[in-house]
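Visitor: I would like to go through this structure with you, asking at each step what a term rests on.
Guide: Gladly; let us look at it together and take the terms in turn.

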Amino acid sequence: MKVTEHIARANGKTLFSVEILPPLKGKSIQSIYNILDPIMEFKPAFIDVTYHREEYVYKKRENGLLEKFSMRKRPGTVAICSAIINHYNVDTVPHIICGGFSREETENALIDLHFLNIDNVLLLRGDAIKSEPVFEAHPLGHRYAIDLVKQVANMNTGKYLDEELQDVTPTNFCIGVAAYPEKHFEAPNLTTDMRWLKSKIEAGAEYLVTQMFFDNSKYFAFVEKCKEMGINVPIIPGLKPITTRKQLTSLPKAFHVDIPQELIDRIEACKTDADVKSEGIQWCVEQSKELMKAGAPCLHYYTMSNAEITCRIAEKVF
Ligand code: FAD
């Protein structure tokens, strides 16, 4: 079932969903089931599986010179989505990114998803790989997420890249895209960023999932501004608990989000690592309850593959 159908059928009740990462290359699907088994108790409406770009690694050759290799450390998004559906009978949302893919490779991945009866996708640009200072599009690929949205929207009307194909079956993907209550880091300001966001919806996106935030007032202000700008699709808040002291600096650096002073004070007052974890979880629980009360359509947790933390939050919220 589509994410938008889940939301419509919930009839105002806030849904629960999670995002997981494919395991590192070499691990089995059991490592995914180990994460999801305890989470399934809370009946997630859908499970997102992220997509990870290739990275360049250097290996020393016999002659002492370094050789550059391109490799994906976390492959398997499409197969994991299909395995989860079969194992738990729950909907999955594979993330599809522009970076590193030609339009044809993207089309082939979408055809695989269509054959597997997966009818949700979250479409993203992806970030620059570590060795690139800024995002570089594949020469035959997409520069922005909106271009990917247009490709999927075209397939939903039966328009594939080869326009001469006969008797094509249109796909039926429900399209989600990313949104940034605190602005995407490359955008010159929030209004410009939101104009591009609106154009993704006009191109076919049906719901939004936000970047993590730690201050609900940022989400509420964003939802208001969306309404003013005529963005009327469901806006799913993305949530992540702080569980280590180090994250007070690493998360703002990696995700370009602010941490409220009150949360910093509460974490810094903790005496042990276990206290830090409990305090971070407590903050996320408080955030979740307030968002639920305000009618958020779904609470989407970035599990970072940690079932214990996600379950400790879910048991207090759902
Ligand atoms: P876009 O919508 O393309 O926007 C990128 C920037 O360009 C923004 O600053 C925007 O304002 C601007 N812009 C947009 N359209 C145009 C245009 N037509 N012309 C000029 N400027 C424009 N990354 C992964 O690699 N894998 C994942 O699985 C993944 N999952 C994510 C899930 C969520 C919920 C979120 C919030 C992010 C996720 N990301 C993931 C990270 C994401 O790929 C990065 O944040 C990336 O930098 C931007 O992606 P986007 O789809 O928002 O890009």
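Visitor: Is the crossing of α9 and α10 left-handed or right-handed?
Guide: In this predicted model, the crossing of α9 and α10 is right-handed.

Visitor: What makes α9 and α10 roughly antiparallel to each other?
Guide: The axes of helix α9 (residues 261-268) and α10 come within 9 Å and cross at roughly 150°. Angles over 145 degrees count as roughly antiparallel, and α9 and α10 are therefore roughly antiparallel to each other.

Visitor: Why is α7 called roughly parallel to α10?
Guide: Between helix α7 (residues 216-228) and helix α10 (residues 273-293) the axes cross at roughly 25° and come within 10 Å. Because angles under 35 degrees count as roughly parallel, that value makes α7 roughly parallel to α10. The handedness of this crossing, in which α7 passes α10, is right-handed.

Visitor: Why, then, are α2 and α3 called oblique to each other?
Guide: Helix α2 (residues 30-40) and helix α3 (residues 77-88) have axes that come within 12 Å and cross at roughly 45°. Angles under 35 degrees count as roughly parallel and those from 65 to 115 as roughly perpendicular, with oblique kept for the rest, so α2 and α3 are oblique to each other. Here too the handedness can be stated, since α2 passes α3 in a right-handed crossing.

Visitor: Turning to the ligand, how do you know that Asp193 makes a polar contact with an oxygen atom of the ligand?
Guide: A polar side-chain atom of Asp193 lies 2.6 Å from an oxygen atom of the ligand, and a polar contact is a pair of N or O atoms within 3.5 Å. By that cut-off, the side chain of His95 also qualifies, with an N or O atom 2.8 Å from an oxygen atom of the ligand, as does Gly126, whose backbone N or O atom lies 2.9 Å from an oxygen atom of the ligand. As for cover, the ligand taken alone exposes 970 Å², of which the protein buries 88%.

Visitor: Which element gives the most to the shell around the ligand?
Guide: That element is α6, with 3 residues; the elements that give two or more residues include β5 (91-97), α5 (145-156) and α6 (190-202).

Visitor: How do the residues of that shell divide into nonpolar, polar and charged?
Guide: The shell around the ligand has 13 nonpolar, 5 polar and 5 charged residues. Of the 23 residues around the ligand, those that come nearest are Tyr51, Asp127, Tyr180, Asp193 and Lys200.

Key: Residues are numbered from 1 along each chain as its sequence is written. This is a predicted model: local features need pLDDT of at least 70, side-chain atom pairs count only at pLDDT 80 or more; totals for chains, interfaces and linings use all residues. Side-chain values use heavy atoms; hydrogens and water are left out. A residue is near a molecule or strand if one of its heavy atoms lies within 4 Å of it. A polar contact is a pair of N or O atoms within 3.5 Å; within protein, one must be able to donate a hydrogen and the other to accept it, and residues adjacent in sequence count only if both atoms are side-chain atoms. Accessible areas come from the Shrake-Rupley method with a 1.4 Å probe; for residues, only the protein chains shown count as cover. Helices (H or I, at least four residues) and strands (E, at least two) are DSSP runs, numbered from the N terminus. Ala, Val, Leu, Ile, Met, Phe, Trp, Tyr, Cys and Pro count as nonpolar, Asp, Glu, Lys and Arg as charged, and the others, Gly among them, as polar. Axes are lines fitted to C-alpha atoms, for helices over the stretch in contact, and angles run from 0 to 180 degrees between N-to-C directions. A crossing is left-handed if the near helix is turned anticlockwise from the far one by less than a right angle, and right-handed if clockwise.
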